[in-house]
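Let's take a friendly walk through a structure. Have the sequence and the 3D view open while you read.

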Protein chains: 2
Amino acid sequence: MREAYSCGLEATFDVIGGKWKFVILWRLHPEARRFGELKRLVVGITEKMLIQQLREMVADGLVHRRAYPEIPPRVEYSLTPMGISLKDLLAPMCEWGSRYIEQMGGKDLCPESEPQTECV
Amino acid sequence: MREAYSCGLEATFDVIGGKWKFVILWRLHPEARRFGELKRLVVGITEKMLIQQLREMVADGLVHRRAYPEIPPRVEYSLTPMGISLKDLLAPMCEWGSRYIEQMGGKDLCPESEPQTECV
DNA sequence: CGGGATCCGTCACGATACTG
DNA sequence: CAGTATCGTGACGGATCCCG
C-alpha cells in the first residue's frame with residue numbers, strides 16, 4: 001500500500017504481487033508458522049527476501065508478527081483477518097492457472113517438484 | 001507461460017502479472033479495440049510497453065490480433081475465450097482490493113483520476 | 001496509423017557473510 | 001534462531017527517434 005490507486009486491482013497486485021508473497025501467504029494457512037518453518041516451506045527463498053516480504057505484509061496488515069522474549073528467540077507469523085480473506089481470492093486464481101496450464105500444452109507442469117497440494 | 005510451474009498460482013501471476021496486463025485486459029472487454037484506442041484508454045502506458053504486453057498476451061493465448069490489409073493500417077485486438085475467462089477472475093480481485101483500500105485508511109483512493117468505472 | 005529500434009535508469013531479486 | 005549488512009545483476013519499464 002504505497003500511493004493512490006485508481007482501481008482495486010492495482011491495490012490487489014501491489015499487495016500480493018511479486019514472486020513470493022502469495023506463496024508465503026498460503027504457507028501461513030491455516031496455522032501460524034515460525035520463521036524457520038517458513039524458510040523451509042517456501043522453497044528457494046533466501047532469508048533476506050523472506051524477512052523483507054514478511055515485513056511488507058505486516059505493514060500492509062495481512063500478517064501478524066508475534067515475538068516471544070525467549071532464548072533462543074522465537075517469532076511466529078500468522079494471518080490477520082485481512083490475510084485470511086485473501087485466501088479466498090487465491091483459490092480461484094490457482095484454479096484458473098491450473099486450467100490454463102492443461103489447456104495450453106500440459107508439458108509445462110513440474111511433476112518432480114514437491115506437490116503443493118494445499119494449492120486449491 | 002515460460003517454464004514449469006509447480007502451482008497454478010505461478011501461472012496466473014506469470015500471465016497477468018506486471019504493471020499493465022490486467023489493465024489492458026479489462027480495457028479489451030467487452031469489445032475489440034484498435035491499437036490507438038488502447039493507447040488512449042490505458043492511461044500512462046508508452047507505445048513500447050503496450051505493444052510488448054500485447055505481444056506477450058497474444059503468445060499466451062489471451063488476446064487475438066487481427067490486422068486488416070488497408071491503408072492506413074488497422075489492427076484490432078480482442079479477447080480469446082481464455083482471455084474472457086480471466087475476466088471472471090479479475091472481478092473478485094478488484095472487489096478485494098477496493099475493500100482493502102477502504103478498510104486500510106481511505107485516503108489512498110485517487111479521486112481526481114478518471115473514474116475507471118468498468119472495474120468491478 | 002501501427003508499429004520497430006535503441007539507449008538508459010531503477011529496483012526487485014539474489015548470493016554471501018556476519019550478529020545478538 | 002531470527003535476523004542484518006553489503007554487494008551485484010538482469011529484467012522491467014520509460015524516453016526518444018525512426019519507418020512502411
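The report below looks at the two DNA strands, then at a pair of helices, then at one residue.

## A quick word on the model

Keep in mind that what you see is a predicted model.

## Around DNA strand D

Start with DNA strand D, which has 20 residues around it. The ones that come nearest are A:Glu47, A:Arg65, A:Tyr77, B:Lys19 and B:Lys48. If you sort the residues of this surface by class, you get eight nonpolar, four polar and eight charged. Now flip to the DNA side: of the strand D atoms within 4 Å of the protein, 57% are part of sugar or phosphate, and the rest are part of bases.

Some side chains sit beside phosphate oxygens of strand D. A:Arg65 has a polar side-chain atom 2.4 Å from one such oxygen, and A:Arg55 has a polar side-chain atom 2.9 Å from a phosphate oxygen. Chain B joins in too, with an N or O atom in the side chain of B:Trp20 at 3.1 Å from a phosphate oxygen. Which elements give two or more residues to the surface near DNA strand D? From chain A, they are helix 3 (35-41), helix 4 (47-59) and strand 3 (74-79), and from chain B, helix 4 (47-59). Helix 4 of chain A gives the most, with four residues.

## Around DNA strand C

On to DNA strand C, which also has its own set of 20 residues around it. Here A:Lys19, A:Lys48, B:Arg34, B:Arg55 and B:Arg65 come nearest. By class, the surface near strand C has nine nonpolar, three polar and eight charged residues. Of the strand C atoms within 4 Å of the protein, 62% belong to sugar or phosphate, with the rest in bases.

Zoom in on a few atom pairs. An N or O atom in the side chain of A:Lys19 is 2.4 Å from a phosphate oxygen of strand C, and one in the side chain of B:Arg34 is 2.6 Å from a phosphate oxygen. With B:Pro73, look at the backbone: an N or O atom there lies 3.2 Å from a sugar or linking oxygen of strand C. The elements giving two or more residues to this surface are helix 4 of chain A plus helix 3 (35-41), helix 4 and strand 3 (74-79) of chain B. Helix 4 of chain B gives the most, with four residues.

## Where two chains cross

Next, find helix 5 (residues 81-103) of chain A and helix 1 (residues 8-16) of chain B. Their axes come within 7 Å and cross at roughly 85°. An angle from 65 to 115 degrees counts as roughly perpendicular, so that is how these two helices are described.

Who makes the contact? Helix 5 of chain A brings residues including A:Leu90, A:Met93, A:Trp96 and A:Ile101, while helix 1 of chain B brings, among them, B:Leu9, B:Thr12 and B:Phe13. The residues of this contact divide into ten nonpolar, four polar and no charged.

## A closer look at A:Thr12

Last stop: A:Thr12, in helix 1 (residues 8-16) of chain A. Is A:Thr12 buried or exposed? Buried means under 20% relative accessible area, and A:Thr12 has 0% relative accessibility, so it counts as buried.

Leaving aside neighbours within four places in sequence, A:Thr12 is in contact with A:Gly17 and A:Leu89, and with B:Met93, B:Trp96 and B:Gly97. With B:Met93 there is a polar pair to find: a polar atom of the A:Thr12 side chain is 2.7 Å from the backbone oxygen of B:Met93.

Key
Residues are numbered from 1 along each chain as its sequence is written. Chains are lettered from A and ligands numbered from 1 in the order in which they are written. This is a predicted model: local features need pLDDT of at least 70, side-chain atom pairs count only at pLDDT 80 or more; totals for chains, interfaces and linings use all residues. Side-chain values use heavy atoms; hydrogens and water are left out. A residue is near a molecule or strand if one of its heavy atoms lies within 4 Å of it. A polar contact is a pair of N or O atoms within 3.5 Å; within protein, one must be able to donate a hydrogen and the other to accept it, and residues adjacent in sequence count only if both atoms are side-chain atoms. Ala, Val, Leu, Ile, Met, Phe, Trp, Tyr, Cys and Pro count as nonpolar, Asp, Glu, Lys and Arg as charged, and the others, Gly among them, as polar. Axes are lines fitted to C-alpha atoms, for helices over the stretch in contact, and angles run from 0 to 180 degrees between N-to-C directions. Angles under 35 degrees count as roughly parallel, over 145 as roughly antiparallel, 65 to 115 as roughly perpendicular and the rest as oblique. Contact means heavy atoms within 4.5 Å. Buried means under 20% relative accessible area, exposed over 50%, partly exposed in between (1.4 Å probe, protein chains only).
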